[in-house]
Amino acid sequence: MTSLNRIFDLLSKERRRYALYYLERQDGPVSIDELAERVIEWETDPAVVSIPEERFERVEIELLHNHLPKASEAEYVEYYPERREVEVTGTPPSSTPSSPSQRSSNDPRDS
């Protein structure tokens, strides 16, 4: 079972929370490109029309080398670096009613 300290550590970074929020709602593996695109959408002002390529690359690299390896330490997240995919394979630990997993919104910023 994942310890409470590990859960807090996993959720300590907003970008990682966005990634986990998105992954939890998918049925099966998600490509790193798809995940990076979604995270950038949530981090970016809706008025911004175009995301610079260097921003996408920066977010993708941070996901690849920081957030996804860290998230895969949890027993319910599988990260496949050789395939550039990640997925939730089990049930995340129980949380309070205010957690994103128990909200109906499709955008974690609505939380």
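This is a guided tour of one predicted model, going from a helix to its packing partner and then to the salt bridges.

Residues are numbered from 1 along each chain as its sequence is written. Because the model is predicted, local features need pLDDT of at least 70 and side-chain atom pairs count only at pLDDT 80 or more, while totals for chains, interfaces and linings use all residues, and side-chain values use heavy atoms, with hydrogens and water left out.

**Helix H2**

Begin by selecting residues 14-24, which form helix H2; helices (H or I, at least four residues) and strands (E, at least two) are DSSP runs, numbered from the N terminus. H2 is mostly covered, with eight of its 11 residues buried, where buried means under 20% relative accessible area, exposed over 50% and partly exposed in between (1.4 Å probe, protein chains only). Colour the buried residues of H2, which are Arg 15, Arg 16, Tyr 18, Ala 19, Leu 20, Tyr 21, Tyr 22 and Leu 23. The elements covering these buried residues include H1, strand S1 (30-31), helix H3 (32-43), H4, strand S2 (77-80) and strand S3 (85-88).

**H2 against H4**

Next add helix H4, residues 53-71. Two packed helices are described by the angle between their axes and the distance between the axes. H2 and H4 pack at an angle of about 80°, with their axes 10 Å apart; axes are lines fitted to C-alpha atoms, for helices over the stretch in contact, and angles run from 0 to 180 degrees between N-to-C directions. The two helices H2 and H4 are therefore roughly perpendicular, the class for angles of 65 to 115 degrees, as against roughly parallel under 35, roughly antiparallel over 145, and oblique for the rest.

To display the contact (heavy atoms within 4.5 Å), show Arg 15, Arg 16, Ala 19 and Leu 20 in H2 together with Arg 55, Val 59, Glu 62, Leu 63, Asn 66, His 67, Lys 70 and Ala 71 in H4. The residues of this contact between H2 and H4 divide into five nonpolar, two polar and five charged; Ala, Val, Leu, Ile, Met, Phe, Trp, Tyr, Cys and Pro count as nonpolar, Asp, Glu, Lys and Arg as charged, and the others, Gly among them, as polar.

**Val 59**

Now centre on Val 59 in helix H4, which counts as buried at 1% relative accessibility. Leaving aside residues up to four places away in sequence, Val 59 touches Arg 15, Ala 36, Val 39, Ile 40 and Glu 43. The C-alpha atoms of Val 59 and Ala 36 are separated by 6.3 Å, although the two residues are 23 residues apart along the chain.

**Salt bridges**

Finally, turn to the salt bridges, each a side-chain nitrogen of Lys or Arg within 4 Å of a carboxyl oxygen of Asp or Glu; a search of the whole structure finds nine. Select Arg 15 and Glu 62, whose side chains meet in a salt bridge at 3.0 Å, N to O. Arg 15 lies in H2 and Glu 62 in H4, so the pair ties together parts that are 47 residues apart in sequence. Arg 15 counts as buried at 15% relative accessibility, whereas Glu 62 is partly exposed at 29%. Extend the selection to Glu 43 and Arg 55, and a network of salt bridges links Arg 15, Glu 43, Arg 55 and Glu 62.

Move along H4 to Lys 70, which forms a salt bridge with Asp 9, their closest N and O atoms being 2.7 Å apart. This pair links distant parts of the chain, Lys 70 in helix H4 and Asp 9 in helix H1 (residues 4-10), 61 residues apart. Lys 70 is partly exposed at 23% relative accessibility, and Asp 9 is partly exposed at 31%.
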